[in-house]
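Visitor: Hey, got a minute to walk me through this model?
Guide: Sure, let me pull it up.

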Amino acid sequence: MHYNQLLSKLKQLQPIDTSVVSTLYTLSEKSLLTAIIFTLLITSFLHSELTYSILIWCGTLVSFLLFRLYNAYLYRKKPQMHTLEIWHKKFMIFAFITGILVSTLGFAYIHYLNEYHQLFVLASLLGLSAGATTSLASDFRIAIVYISLIMLPLIASLFIINTSVSNILAILMILFFLSQIAMIFNNYIEQKKVTELKKQKNLLQNLFSEAPLGMFSYDTNLNVLDANKHLHKMLKYPNNTIPGMNLESLNSLEVLNIFKNTLVQGSQSYLGPYRSLNDSDFWVKTTSFPFKSVENTIIGGVGIIEDKTEEYIAKKELESLHLKLQDQIEHNQLLLDENKIFIADMVHQIRTPLSVIMTNSSLIEMKTDKDVSSYITQINSAINMLSNSYEDLSYIISNDTIEYKPVEIDLSDFLNERIDFFEVIAQANKKVISTNVDNGLKISMNDTELERLIDNNISNAIKHSNDKSEIEIVLERKSNPGVILQFISKGNDIHNVTKLFEKNYTENQGAKRSLGLGLNMVKMICEKNNIDYCAHSKNNTNTFTYIFKN
């Protein structure tokens, strides 16, 4: 139980991996050749004292060393023959057998030698032990057992000889043995530290090279020492062209100062625009921090650059959308306010004819038949006014959703029909409509839109002309520019002719309240149908002209 636990702890101290096994076999090829030559030299030197027995020892040891050489050759050429663990076990067992064979010089033959040859054996075993410290260093467990197999029997033999010289040598051998063990263990500790450092270095290198951020290092002279692939890709530089550059060549003074100040003040950061040396523009987040030597002296810096361009553009687009949304909200609020005004004005427009209808209906009930006709005229006028307002409202609501396709229209007949419609309204308002209409004038236009154009002009002329005045409507063809339609009325001069066709604009906010939408609707219809339009006001005569081009 305790033995198994001890083995388990020993395995945990130094796990078996490819690096350990490969090092053992690689070094053994060189050390085994040296050991064979050394064995032959020892044999030749001791042959005079030990005769055939040393030859047997030499033959056995050399044969086994040659077998180990062959085994090392197999590992180099056919490592797949065995698992890594089996290769390690074979090496360990063969090394221990070699140690036992070598140790026979110290416990089997040394007793038959004089002091001179004993010193030679002692020196030889010390040399073999020292060599093992190097060749077996990659696995400290094998190295310790191997040296113990050689040194401990030798030390025991020296104490058994029990002379003053042998006892002193035994003590010296103990000190040498302990120093070798300490050296092997220290070497193991150092190797472990080196392995950990290599792992950390590999981790840092992998992080440096594979990080999704641009990273580079630079020295105190601002020379770039290294830069990862992502930085080259991000800044659109060919691979391995950034190392060797000097940061003084940067286009951005703000970014340069970040890297400079890092060497004096410590970690720095920057967020803002950056133009690379190949004139590519970025929005970057830059962080820089110093790295120091063992003596805590700053020997350079590390820069991390993150491309925030897409994020910056998205933020700007979001801000732009926010502003547009804000503008849209304000616009919608304006439309809401306009709609409130429109509804109030529309209520006024409808209330007037309704009042006329209700008043005249009451009067009809009180009058005889011959007195009724004037009231009927007023009622019909009010109904026509309501109808006209309804048609205006219907077109305003539907013109964005309904396609008003053009058709061929006899403009002369169409105009006369609309004049007949407004006769009753003009009569009720004590106005007279006179006409000068050429016959047979035809145009291509949607009838609904043409009706809105004519009705709004006649309605405005009736509404805003002087009492008992004449409204003149002219339709004629001229070779150039084409068919001309005019609405001429007598009334107050128009103060601002240029604004007359604008939405919600009205010149009279008094009793004759207007929506301010009719002429804007006429403007939209004219522009859609390529009709020239204008208004003229002079000497209390207001003229609205529309030209239907040939």
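Guide: We'll go through a strand, a charged patch and a couple of loop residues; keep in mind that the model is predicted.

Visitor: OK, strand β10 first. How many of its residues are buried?
Guide: 7 of the 9 residues in β10 (residues 482-490) are buried, and the strand is mostly covered.

Visitor: And which way do β9 and β10 run?
Guide: β9 (residues 470-477) and β10 are antiparallel, joined by 6 bridges. A hairpin of 4 residues links the two. As for a specific pair, V474 has Q486 in β10 as its bridge partner.

Visitor: How many bridges between β10 and β12?
Guide: 9 bridges, with β10 and β12 (residues 541-549) again antiparallel. There, I488 is partnered with T543 of β12.

Visitor: Switching to charges: which residues form the negative surface patch?
Guide: That patch consists of D413, E417, D420 and E423.

Visitor: Where's D413, and how open is it?
Guide: D413 sits in helix α12 (residues 411-428). Its relative accessible area is 42%, so D413 is partly exposed.

Visitor: Now backbone oddities. What's the phi of T51?
Guide: T51 has a positive phi of about 50 degrees, though it isn't a glycine. Most residues other than glycine have a negative phi. T51 is in the loop between α2 (18-50) and α3 (52-77), and T51 is partly exposed at 38% relative accessible area.

Visitor: What about N162: buried or exposed?
Guide: N162 is exposed, with a relative accessible area of 53%. N162 is in the loop between α6 (140-161) and α7 (164-210), and N162 has a positive phi of about 60 degrees without being a glycine.

Key. Residues are numbered from 1 along each chain as its sequence is written. This is a predicted model: local features need pLDDT of at least 70, side-chain atom pairs count only at pLDDT 80 or more; totals for chains, interfaces and linings use all residues. Side-chain values use heavy atoms; hydrogens and water are left out. Buried means under 20% relative accessible area, exposed over 50%, partly exposed in between (1.4 Å probe, protein chains only). Two strands pair if DSSP finds at least two bridges between them. Patches are made of residues with over 30% relative accessible area and no salt bridge: like charges are joined within 9 Å, nonpolar side chains (Val, Leu, Ile, Met, Phe, Trp, Tyr) within 5 Å. Accessible areas come from the Shrake-Rupley method with a 1.4 Å probe; for residues, only the protein chains shown count as cover. A salt bridge is a side-chain nitrogen of Lys or Arg within 4 Å of a carboxyl oxygen of Asp or Glu. Lys and Arg count as positive and Asp and Glu as negative; His and the chain ends are not counted. The place of a charge is taken as NZ of Lys, CZ of Arg, CG of Asp or CD of Glu.
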